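User: I would like a close look at one part of this model, with enough of its surroundings to place it. Please keep the terms explicit, and give the cut-offs behind them.

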Amino acid sequence: MKVGRQSKIIELINKHDIETQEELADLLTKAGYNVTQATISRDIRELKLTKVAVDDGRQKYIVLNNTETGLSEKYVRVLRDGFLSMDMAQNIIIVKTVSGMAMAVAAALDALHIQGIMGCIAGDDTVMCVIKTTEETVGVMEKLNKLINSKSL
C-alpha cells in the first residue's frame with residue numbers, strides 16, 4: 001500500500017497547508033492509513049518533499065517541480081496496481097479497481113492531467129471519470145490503456 005499512501009500524501013499536501021509530520025500523520029490516519037513517524041519521514045524523503053514559507057510565517061510541504069517525471073511514474077504505477085477494468089457510458093468512464101484502491105487510482109488519474117478528463121469520483125472499488133465530451137471518451141480510454149499496458153513511461 002506504499003504507492004497508495006504516497007499518492008494520498010501528495011493529494012493531502014496539495015489540498016492542505018501541512019507544516020509538520022504530525023499533521024500529515026493525523027490526516028493520513030483520518031484517511032485510513034496506519035502510519036508511523038518513521039514511515040512518514042521515509043515517504044517525505046522518497047517523494048522529495050520540501051518545505052516553503054507561506055505568508056503568515058509558517059511553512060508547508062510542497063512537491064518539488066523537478067520531481068514531476070518521477071511522480072508521473074509513481075502515478076502510473078498506482079494506476080497499474082489498482083486497475084482491473086474499464087468501460088464507458090457516453091462521456092463517463094467507469095474504472096473498476098482492486099478493493100480499497102479506487103481513491104488512490106482517482107487521485108493518480110487527476111494528477112496525471114490526462115487531456116479530456118474533467119474529474120474523477122471514487123468509491124471503494126470504482127472510479128467514475130467524467131470526460132469533457134462523448135467524442136473524447138474513446139480517445140481517453142485508449143490513452144489509459146497505453147499507460148496501463150506500457151512497460152515504462
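What follows is a close look at helix 3 (residues 37-47), with the rest of the chain as its setting.

Analyst: This is a predicted model, in which local features need pLDDT of at least 70 and side-chain atom pairs count only at pLDDT 80 or more, while totals for chains, interfaces and linings use all residues. Residues are numbered from 1 along each chain as its sequence is written, and side-chain values use heavy atoms, with hydrogens and water left out.

The setting comes first. The protein chain has 6 helices and 6 strands, where helices (H or I, at least four residues) and strands (E, at least two) are DSSP runs numbered from the N terminus. Read from the N terminus, these elements follow the order α-α-α-β-β-α-β-β-α-β-β-α. The radius of gyration, taken over C-alpha atoms, is 16 Å, close to the 15 Å that the globule rule gives for 153 residues, so the chain is as compact as a globular protein of that length; the rule itself is 2.2 Å times the number of residues to the power 0.38. Along the principal axes, the C-alpha atoms fill a box of roughly 50 × 30 × 30 Å. Of the 153 residues, 40% count as buried, a term that means under 20% relative accessible area, with exposed meaning over 50% and partly exposed lying in between (1.4 Å probe, protein chains only). Among contacts (heavy atoms within 4.5 Å) with a separation of 6 or more, 56% join residues 24 or more positions apart.

Within helix 3, the buried residues are Thr39, Ile40, Asp43, Ile44 and Leu47. They cover an arc of only 135° around the axis, which puts them on the same side of helix 3; the arc is that of the directions from the helix axis to the C-beta atoms.

Aspartate 43, one of these residues, deserves separate attention. Aspartate 43 is buried, with a relative accessible area of 2%, and its contacts, leaving aside neighbours within four places in sequence, are with Arg5, Gln6 and Ile9. Ile40 and Ile44 appear in another set of contacts, that of glutamine 21, which touches Gln37, Ile40, Ser41, Ile44 and Tyr61 when residues up to four places away in sequence are not counted. Glutamine 21 lies in helix 2 (residues 21-30) and, at 19% relative accessibility, counts as buried.

Helix 3 is followed by lysine 48, which has a positive phi of about 55° although it is not a glycine. Lysine 48 lies in the loop between helix 3 and strand 1 (49-53), where its relative accessibility of 48% makes it partly exposed. Further along the chain, glutamine 90 has a positive phi of about 55° and is not a glycine; glutamine 90 sits in the loop between strand 3 (83-89) and strand 4 (92-97) and is exposed, with a relative accessible area of 60%. A positive phi, here about 50°, is also found at histidine 113, just after helix 5.

Helix 5 offers a useful second helix to set beside helix 3. In helix 5 (residues 102-112), 8 of the 11 residues are buried, so this helix is largely enclosed by the rest of the structure. The buried residues are Ala102, Ala104, Val105, Ala106, Ala107, Ala108, Leu109 and Leu112, whereas alanine 111, at 25% relative accessibility, counts as partly exposed. The C-alpha atoms of alanine 111 and glutamate 11 are separated by 8.5 Å, with these positions 100 residues apart along the chain.

At residue 102, helix 5 meets another part of the chain: the C-alpha atoms of glycine 123 and alanine 102 are 6.0 Å apart, although the two residues are 21 apart in sequence. Glycine 123 is in contact with Ala102 and Met103, again leaving aside neighbours within four places in sequence. The place of glycine 123 is in the loop between strand 5 (117-122) and strand 6 (126-131), and its relative accessibility of 39% makes it partly exposed.

To return to the part that was asked about, helix 3 has its buried residues on one side, and among them aspartate 43 is in contact with Arg5, Gln6 and Ile9.
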